[in-house]
Amino acid sequence: MVQAGRRLVPLAVVLAVPFLSRGSSGRYQSLVDAGLVGLAVVVGAAEWIVTRWRVQAGVLRLETGLLRRRTTQLPLSRVQSIDLVRPGTARVLGLAEIRVRSGGSREGDVRLAYLAAERAEHLRDGLLNLVRGTGPAPSGAESHLARVSTGRLLACTPLRGAILWPTLAALAVLVWGRQLSLGGGGVAVATTILVVVGTGVARIVSSQFGFEVAHTRDGLLIRGGAVGTFTETLALHRVQALRMVEPLLWRPFGWAKLVADVAGGQRRGDEDRAASGRIRTLVPVAPRAEVLRVAESIVGPAARAAGTPPPSRARLKAPISYPLLRAGLPGDYAMSAVGRFRRLTTIVPLSKVQSVRWVQGPVQRRLGLATVHLDAAGGRRTGAALRDRSSDEARELLQRLPGLCAAARQSAPDVLAPVP
Amino acid sequence: MLTLRRGQVGAGAIALLVVGVGLSFTNLVLGAVLMVAALTVAGLGLSYVGRRFRSWGYLERVEDLLVRRGVMFERLSVVPYGRMQTVEVTAGPLERSLGLATVQLHTASAASDARIPGLDRSAAADLRDRLVGRGEATAEGL
């Protein structure tokens with residue numbers, strides 16, 4: 001199959017619409033507006049004329065640029081995911097963007113913007129088939145896993161620590177500010193905080209609105225968005241680590257969040273910011289059982305492994321977090337639970353472990369404890385931390401794990417868990 | 001105190017020594033006490049530096065590299081050769097003047113901690129070549 005075309009809709013149209021729809025006041029204002037729109041149209045049209053893309057011999061090729069020609073070539077074998085993104089304006093116009101992500105840096109990604117929505121969907125399916133190297137997927141091969149209800153989304157967002165504490169502080173200032181004679185400055189600061197927090201809430205709610213996860217033969221299909229929408233496919237073998245997060249204030253309701261760390265390409269040790277961009281939210285908020293079901297579809301029964309607590313003398317070293325500490329090696333996976341107030345459960349496939357580290361601090365040495373880290377591809381905190389295990393257990397882990405990881409690497413199939 | 005570097009210990013000791021010498025012109029007892037303190041700090045610092053130096057170690061195994069370091073916080077890293085993304089040899093001005101170099105292994109994880117400082121430059125180059133060779137033989141995808 002050779003797909004080729006220049007049938008991208010000029011970006012200018014999408015850019016220009018907000019200008020046109022804005023009410024303009026005064027003669028000069030409208031002149032300026034017209035000029036801006038004209039400029040956008042000219043630039044967009046030029047860009048549109050010089051942009052071509054094609055798929056040939058297993059390589060996706062995008063040529064663009066008027067003055068500086070830029071050719072991006074992406075072998076389909078290196079494609080990590082193909083996402084469908086529809087920002088608000090594009091959605092109004094019935095357009096969509098296809099984003100083909102490669103393993104490497106952001107610059108290696110190919111963006112086909114914008115296509116008619118229907119055509120974009122066709123093209124996405126076609127590209128997925130090419131990447132997979134098989135025919136079209138049988139229709140209906142999609143099993144629903146989890147869905148975020150609007151009510152729960154609205155209820156859980158204010159319960160995030162980053163939202164709740166600033167709001168409470170700001171409200172406290174507004175209510176008792178006069179008694180404390182903070183004056184107008186306090187009120188201004190409090191109002192600003194409330195506005196910023198409100199914007200944050202709106203952004204979270206709009207991006208996680210209608211969030212839905214389903215299992216397909218290409219991996220997990222993630223959909224969502226209120227104003228702009230997105231459809232992403234996450235191949236299961238790209239998951240480097242799974243993290244289930246249970247914030248303190250969510251725990252009474254039994255809610256949890258599920259996040260996957262996704263492989264980037266080569267990354268140097270100091271590029272933590274790039275790493276943080278390689279995180280996919282799989283379930284923004286759902287009851288624990290539902291989150292576990294999604295996790296199970298990725299790592300199998302290891303998702304439900306409870307792990308064992310560290311020896312009780314670890315209480316002396318970690319008095320607050322001790323009740324939450326767990327670790328275990330269920331099957332070909334490692335699991336760990338850590339946290340003082342919010343519980344963070346991490347599951348790492350042994351086949352994805354990059355390195356094993358054993359660490360023993362002075363207090364741990366006194367108590368005969370040690371921590372074993374299993375590092376997965378990504379940032380400094382990606383991976384499982386088997387905290388405060390007994391020295392003997394830690395030593396045994398350190399001796400066994402490299403061999404277990406090597407064996408898991410050799411036997412790892414492309415897809416970690418079968419479609420249920 | 002835990003992460004006190006050689007430089008800080010040295011600077012502290014020298015500062016104490018200078019103040020001690022200065023004071024010894026006016027107040028002999030206080031000056032002497034300060035000088036003794038400075039010598040003690042310098043001694044402790046040197047012994048800590050020595051222990052830090054001796055804590056570094058590495059071992060090339062068949063399938064992976066072991067790197068050990070740390071006095072207060074002891075650390076031992078195991079990095080399989082197949083997981084190496086890059087091997088880096090660096091030599092700062094001080095290291096260069098002493099004919100030394102540092103070999104660092106990078107994996108796809110930013111947390112991997114495999115740095116071997118203070119190698120002879122030729123030994124560092126040899127180690128790098130061996131590591132790269134083993135990495136190629138056992139390279140694996142992500």
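Here is a walk through the two chains, from the domains of chain A to a small sheet in chain B. Keep in mind that the model is predicted.

Let's start with how chain A is laid out. It splits into domain 1 (3-132), domain 2 (137-234) and domain 3 (238-411). Take the second and third of these: the C-alpha centres of domain 2 and domain 3 of chain A sit 26 Å apart, and 17 residues of domain 2 are in contact with 17 residues of domain 3. On the domain 2 side, the elements that each put in two or more residues are β8 (143-147), α5 (150-156), α6 (161-176), β9 (212-216) and β10 (219-224) of chain A. Helix α5(A) gives the most, with three residues. As for chemistry, that side of domain 2 is made of 12 nonpolar, three polar and two charged residues.

Now move into domain 3, which spans 238-411 of chain A, and look for strand β17 (residues 343-349) of chain A. Six of its seven residues are buried, so β17(A) is largely enclosed by the rest of the structure. What does β17(A) pair with? One partner is β12 (residues 239-246) of chain A, which runs antiparallel to β17(A) and is joined to it by five bridges; in this pairing M244(A) stands opposite T345(A). Another is β16 (residues 333-338) of chain A, again antiparallel, with six bridges to β17(A), and here A334(A) faces V348(A) across the pair. Strands β16(A) and β17(A) form a hairpin with four residues between them, and in that hairpin G339(A) takes a positive phi near 130°.

Glycine isn't alone in having a positive phi here. Two non-glycine residues of chain A are worth a look, beginning with A57(A), whose phi is about 50°. You'll find A57(A) in the loop between β2 (52-56) and β3 (59-64) of chain A. Is A57(A) buried or exposed? With 8 other C-beta atoms within 10 Å, A57(A) is exposed, because the cut-off for that class is 12 or fewer. The other is D388(A), with phi near 55°, and D388(A) belongs to a strand, β20 (residues 383-390) of chain A. D388(A) has 28 C-beta neighbours inside 10 Å, so it counts as buried, the threshold being 20 or more.

Next, cross over to the other chain. Here 24 residues of chain B are in contact with 29 residues of chain A. On the chain B side, strand β3 (residues 74-80) supplies the largest share, seven residues. The chain B side as a whole divides into 11 nonpolar, six polar and seven charged residues. Strand pairing also links the two chains: β18 (residues 353-360) of chain A and β3(B) pair in the antiparallel sense over five bridges. To find the spot in the model, look for V359(A), which stands opposite R75(B) in β3(B).

Finally, stay in chain B for an open sheet of three strands, in the order β4-β5-β6, with antiparallel pairing. Strands β4 (86-90) and β6 (114-120) of chain B are at the edges with a single partner each, so each has one side without a neighbour in the sheet. On average, neighbouring strands of this sheet are turned by 20° against each other, direction ignored. Within the sheet, β5 (residues 100-106) of chain B pairs with β6(B) over five antiparallel bridges, and A101(B) lies opposite L119(B) in β6(B).

Technical notes
Residues are numbered from 1 along each chain as its sequence is written. Chains are lettered from A and ligands numbered from 1 in the order in which they are written. This is a predicted model: local features need pLDDT of at least 70, side-chain atom pairs count only at pLDDT 80 or more; totals for chains, interfaces and linings use all residues. Domain bounds come from an automatic or database domain assignment. Two residues are in contact if their C-beta atoms, placed from the backbone, lie within 7 Å. Ala, Val, Leu, Ile, Met, Phe, Trp, Tyr, Cys and Pro count as nonpolar, Asp, Glu, Lys and Arg as charged, and the others, Gly among them, as polar. Two strands pair if DSSP finds at least two bridges between them. Axes are lines fitted to C-alpha atoms, for helices over the stretch in contact, and angles run from 0 to 180 degrees between N-to-C directions.
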